[in-house]
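The questions below ask why certain labels apply to parts of this model. Each answer sets a value against a cut-off.

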Amino acid sequence: MSTFRTLDTADIKGKRVLIRVDLNVPMKDGMVSDDTRIRAILPTVRDVSKRGGKAILLAHFGRPKGERVPEMSLAPVVPALETLLGRPVGFANDCIGNDAAQAIAKLSDGDVLLLENTRFHKGEEKNDPIFTSALAELGDVYVNDAFSAAHRAHSSTEGLAHQLPAYAGRAMQAELEALEKALTSPQRPVIALVGGAKVSSKIELLENLVTKVEALVIGGGMANTFLHAQGYPVGKSLCEKDLADTARRIMAKAQESNCAIILPVDATVAYHFQAHAPTQTYGVDAIPEDGMILDVGGLSVERINAAIDEAATLVWNGPLGAFEMEPFDRGTVEAARHAAKRTKAGQLLSVAGGGDTVAALNHAGVADDFSYVSTAGGAFLEWLEGKPLPGVEVLRQNG
């Protein structure tokens with residue numbers, strides 16, 4: 001982490017520390033229904049508080065588009081924050097102006113305060129310098145602990161880092177360390193496993209990965225597009241036939257880069273897209289015209305697991321099949337458990353991320369056994385695509 005400024009080097013005692021966090025949490029009946037994102041920020045908030053800083057939390061909730069939408073207030077998040085932190089948390093009805101300034105003025109060293117939704121102001125998403133300055137007036141130090149929002153150049157995610165001394169929080173630091181170990185300076189060989197429904201949503205990801213890894217496993221619906229591009233029948237399976245040329249271009253780029261592409265050699269086929277539908281396994285050269293490929297077959301899982309056995313580093317994004325429905329979860333579950341077993345044995349660094357990925361690993365019961373699982377979604381994907389993230393770039397030592 002020598003390339004990023006972290007809390008280790010921050011002088012925060014007695015300072016007003018503006019901490020950008022991700023509190024865009026699921027709510028049900030006015031209460032937080034999943035506190036995963038709140039738990040992620042606890043190390044940073046506790047660190048700042050313990051060292052005598054005034055922890056002032058900045059966050060967004062939903063998409064109010066610059067309007068004050070009562071249903072998108074952060075106030076209902078406070079009780080969950082207090083419970084998990086084990087201490088009182090103040091709340092200000094705005095994130096700039098008198099309400100925020102007066103609430104901050106009352107803070108003692110070590111206190112915690114949550115400011116109202118930053119997106120209640122149009123200037124936030126526009127990264128407006130005037131709005132950014134209004135935020136900066138409230139703090140002495142800026143800490144970004146929201147990797148999930150780091151791909152957005154907003155006032156609270158990027159602008160503030162130009163106006164205050166800026167550092168990565170503990171959750172941000174953990175994410176960056178994991179991603180750097182996985183792709184920037186990895187132990188080789190590196191294998192990437194990319195699944196999901198459509199090639200169209202992951203073209204840039206695939207094109208970047210084939211230049212970075214020794215092997216790329218392609219699964220899920222997107223594998224059907226690659227199989228079709230090679231002339232294999234895919235029946236009534238999900239397939240973007242208009243992207244056959246794109247698939248061939250990616251395979252050619254992989255060959256130039258000495259990256260092995262691992263596609264399914266067999267598939268679990270059904271005739272109805274529903275749980276527990278009757279299935280048969282076919283080689284990919286023999287898919288029936290009226291059949292749908294809904295998961296990789298057993299031989300394909302063996303090939304994937306063998307590739308994982310040869311790897312020192314694994315990057316995983318997306319499921320291998322329609323994992324939400326049995327028995328089409330088998331391929332994803334078996335490969336995930338194999339990767340987890342290698343990780344627990346100290347033989348593999350495994351980094352995974354993306355919404356479906358987290359759900360799939362939780363379904364397989366192994367999310368806690370991977371080296372690192374990112375809940376960031378868009379930011380995780382953009383990092384894998386090789387794109388610079390505005391909220392990360394401003395935290396670099398030379399930034």
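A nonpolar core is a set of buried Ala, Val, Leu, Ile, Met, Phe, Trp, Tyr and Cys residues joined through side-chain atoms within 4.5 Å. Buried means under 20% relative accessible area, exposed means over 50%, and partly exposed lies in between (1.4 Å probe, protein chains only). The model is predicted: local features need pLDDT of at least 70 and side-chain atom pairs pLDDT 80 or more, while totals for chains, interfaces and linings use all residues. Residues are numbered from 1 along each chain as its sequence is written, and side-chain values use heavy atoms, with hydrogens and water left out.

Q: Which residues touch the most other members of the largest nonpolar core?
A: They are L115, F147, L216, F226 and V392, in a core of 71 residues. Helix 6 (residues 170–184) gives the largest share of this core, 6 residues; helices (H or I, at least four residues) and strands (E, at least two) are DSSP runs, numbered from the N terminus. A second, separate core has 30 residues, including I19, L74, V77 and V112.

Q: What is F147 in contact with, leaving aside its neighbours within four places in sequence?
A: Contact means heavy atoms within 4.5 Å. On that basis F147 is in contact with M172, E175, L176, L179, A376, A379, F380, W383, L389 and V392.

Q: Why is the pair of K15 and D11 called a salt bridge?
A: The term requires a side-chain nitrogen of Lys or Arg within 4 Å of a carboxyl oxygen of Asp or Glu. The N to O distance between K15 and D11 is 3.3 Å, so the pair qualifies. Side chains of opposite charge can pair when their charged atoms come close. The structure holds 19 salt bridges.

Q: What makes K387 and E204 a link between distant parts of the chain?
A: Their closest N and O atoms are 3.4 Å apart, so this pair is a salt bridge too. K387 is in the loop between helix 13 (378–384) and helix 14 (390–393), E204 is in helix 7 (residues 203–209), and the two are 183 residues apart. K387 has 30% relative accessibility and therefore counts as partly exposed; E204, at 46%, also counts as partly exposed.

Q: Why are R396 and E393 described as partly exposed?
A: R396 has a relative accessible area of 22% and E393 one of 31%, so both values fall between the 20% and 50% limits. R396 and E393 form a salt bridge, with the closest N and O atoms 3.0 Å apart. Elsewhere, salt bridges that share partners join D8, D47, R51 and R170 into one network.

Q: Why is K65 called exposed, and Q347 partly exposed?
A: K65 has a relative accessible area of 62%, which is over 50%, so K65 is exposed. Q347 has 43%, which lies between the limits, so Q347 is partly exposed. Q347 lies in the loop between helix 11 (330–344) and strand 16 (349–353). Not counting residues up to four places away in sequence, Q347 touches A311, A312 and R342. Q347 and A312 are 35 residues apart in sequence, with their C-alpha atoms 6.7 Å apart.

Q: What is notable in the phi of K65 and of N258?
A: Most residues other than glycine have a negative phi, and most peptide bonds are trans. Phi of K65 is near 55°, a positive value, and K65 is in the loop between strand 4 (54–58) and helix 2 (78–85). Phi of N258 is near 60°, also positive; N258 is in the loop between helix 9 (244–256) and strand 11 (260–262). At 68% relative accessible area, N258 is exposed.

Q: Which peptide bonds are cis, R188 to P189 and E326 to P327 being the ones considered, and what is omega there?
A: The bond from R188 to P189 is cis, with omega near 5°, and P189 is in the loop between helix 6 and strand 9 (190–194). The bond joining E326 and P327 is cis as well, with omega about 5°; P327 is in the loop between strand 15 (313–317) and helix 11.
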